[in-house]
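Biologist: I would like to learn how to read a protein structure. Can we take one feature at a time?

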Amino acid sequence: MKISFLILFLFLTGCTHTAPKKADFVIPAHPCFGAAAKGDVSYLEKNIPICKTIRSDSGTSPFMLAASRGQDDVINFFLSNGVNVNETDNTFGTPIVYAVVGNKVSTAGLLLLAGAELDAKGPDGITPIMLGVQQSSFEMVRTLVTSRQAINDKAEDGWTAIYFAIRRQDPNVLQWLLRQGACKNVTDSYKQTPLDFANEVGWKQGISIIEKAPACGMKKI
């Protein structure tokens, strides 16, 4: 069984952090995957033992596939049948990563309520929040940001979520992250602060936003 969905997650090279893109992907031939993608809970109920355990060659499960498609009824079904909300594929992608890359905001919220971990890191230390910011999905970022720690988690090169917002030159996401507790006085592995980075990319609006923000935003989310 072949699936190309989390090829999207293998996108990191050095500190360039190429943003993932939404793309169509091949659904494995086994009916469990088709049922999960279409929201066919009836089929899943009849075949729960295999549908809970089957994996594609890349380690993707029907549960993860349902998350990427925003099939919340399927998500609830799997959760009620003991599927681990933080299960991982071969690249350490979790169901919430699939929801984020698929830009399924309600599904991401559902997974968070079920205990999905935001500090789970994929290749190069990228977190679900960083993925959401890379895609410039404001509603997704608002859904994912639940703690100051999650906002300020660092990738392996020291980047936090606000570095990604600066690279995207998204003022709404940058302002919101700073208000919710993102620290502007951090440095990456090259001793570069977010302000340094904004200057490097020549984003004048971002420079102004950062300069006016407190060191670490609000005390509470």
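Biologist: Let's begin with the disulfides. How many are there by the distance rule?

Modeller: This is a predicted model, so every value here is computed from it. A pair of cysteine sulfur atoms counts as a disulfide when they lie within 2.5 Å. By that rule there are two disulfides. Cys32 and Cys51 form one, with sulfur atoms 1.9 Å apart.

Biologist: Which parts of the chain does the link of Cys32 and Cys51 join?

Modeller: Cys32 sits in helix α1, residues 31–38. Cys51 sits in helix α3, residues 48–53. The two cysteines are 19 residues apart, and the pair links distant parts of the chain.

Biologist: Is the link left-handed or right-handed?

Modeller: Look at the angle about the S-S bond. For Cys32 and Cys51 it is -80 degrees, and the link is left-handed.

Biologist: Are Cys32 and Cys51 buried or exposed?

Modeller: Buried means under 20% relative accessible area. Cys32 has 0% relative accessibility, so it counts as buried. Cys51 has 1%, so it counts as buried too.

Biologist: What about the link of Cys183 and Cys216?

Modeller: Their sulfur atoms are 2.1 Å apart. The angle about the S-S bond is 115 degrees, and this link is right-handed. Cys183 is in the loop between α12 and α13. Cys216 is in the segment after α14. They are 33 residues apart.

Biologist: How do Cys183 and Cys216 compare with the cut-off for buried residues?

Modeller: Cys183 counts as buried because its relative accessibility is 11%. Cys216 has a relative accessible area of 22%, so it is partly exposed.

Biologist: Which pairing do the bonded cysteines follow in sequence order?

Modeller: Number the bonded cysteines along the chain. The pairing is then 1-2, 3-4.

Biologist: Now the helices. How many helices and strands are there?

Modeller: List the elements from the N terminus on. The protein chain has 14 helices and zero strands.

Biologist: How do I read the packing of two helices, such as α12 and α14?

Modeller: Take the axes and ask how they cross. The axes of α12 and α14 come within 10 Å and cross at roughly 10 degrees. Angles under 35 degrees count as roughly parallel. Therefore α12 and α14 are roughly parallel to each other. α12 passes α14 in a right-handed crossing. On α12, the contact is made by Pro171, Leu174, Gln175 and Leu178. On α14, it is made by Gln205, Gly206, Ile209 and Ile210.

Biologist: Why do such contact residues come at intervals of three or four?

Modeller: An α-helix has 3.6 residues a turn, so residues three or four places apart point the same way.

Biologist: At what angle do α4 and α5 pack?

Modeller: The angle is about 150 degrees, with the axes 8 Å apart. Over 145 degrees counts as roughly antiparallel. So α4 and α5 are roughly antiparallel to each other. α4 passes α5 in a left-handed crossing. Pro62, Phe63, Ala66 and Ala67 in α4 meet Val74, Ile75, Phe78 and Leu79 in α5.

Biologist: Next, buried residues. Which residues of α7 are buried?

Modeller: Helix α7 runs over residues 105–113. Thr107, Ala108, Leu110, Leu111 and Leu112 are buried there.

Biologist: What covers the buried residues of α7?

Modeller: Look for neighbours in contact with them. The cover includes α4, α5, α6 and α9. Just after α7, Gly115 takes a positive phi of about 105 degrees.

Biologist: How do I read a single residue, such as Met140?

Modeller: Find its element, then its burial, then its neighbours. Met140 lies in helix α9, residues 138–144. Its relative accessible area is 0%, so Met140 is buried. Leaving out residues up to four places away in sequence, Met140 touches Ala99, Val100, Asn103, Lys104, Val105, Ala108 and Gly132. Ala108 is one of the buried residues of α7.

Biologist: How much of the whole chain is buried?

Modeller: Buried residues make up 53% of the 221 residues. The chain exposes about 9,800 Å², and carbon and sulfur atoms supply 50% of that area.

Biologist: What share of the contacts join residues at least 24 apart?

Modeller: Count contacts between residues at least 6 apart in sequence. Of these, 71% join residues at least 24 apart.

Notes
Residues are numbered from 1 along each chain as its sequence is written. This is a predicted model: local features need pLDDT of at least 70, side-chain atom pairs count only at pLDDT 80 or more; totals for chains, interfaces and linings use all residues. Side-chain values use heavy atoms; hydrogens and water are left out. Helices (H or I, at least four residues) and strands (E, at least two) are DSSP runs, numbered from the N terminus. Buried means under 20% relative accessible area, exposed over 50%, partly exposed in between (1.4 Å probe, protein chains only). Contact means heavy atoms within 4.5 Å. Accessible areas come from the Shrake-Rupley method with a 1.4 Å probe; for residues, only the protein chains shown count as cover. Axes are lines fitted to C-alpha atoms, for helices over the stretch in contact, and angles run from 0 to 180 degrees between N-to-C directions. Angles under 35 degrees count as roughly parallel, over 145 as roughly antiparallel, 65 to 115 as roughly perpendicular and the rest as oblique. A crossing is left-handed if the near helix is turned anticlockwise from the far one by less than a right angle, and right-handed if clockwise.
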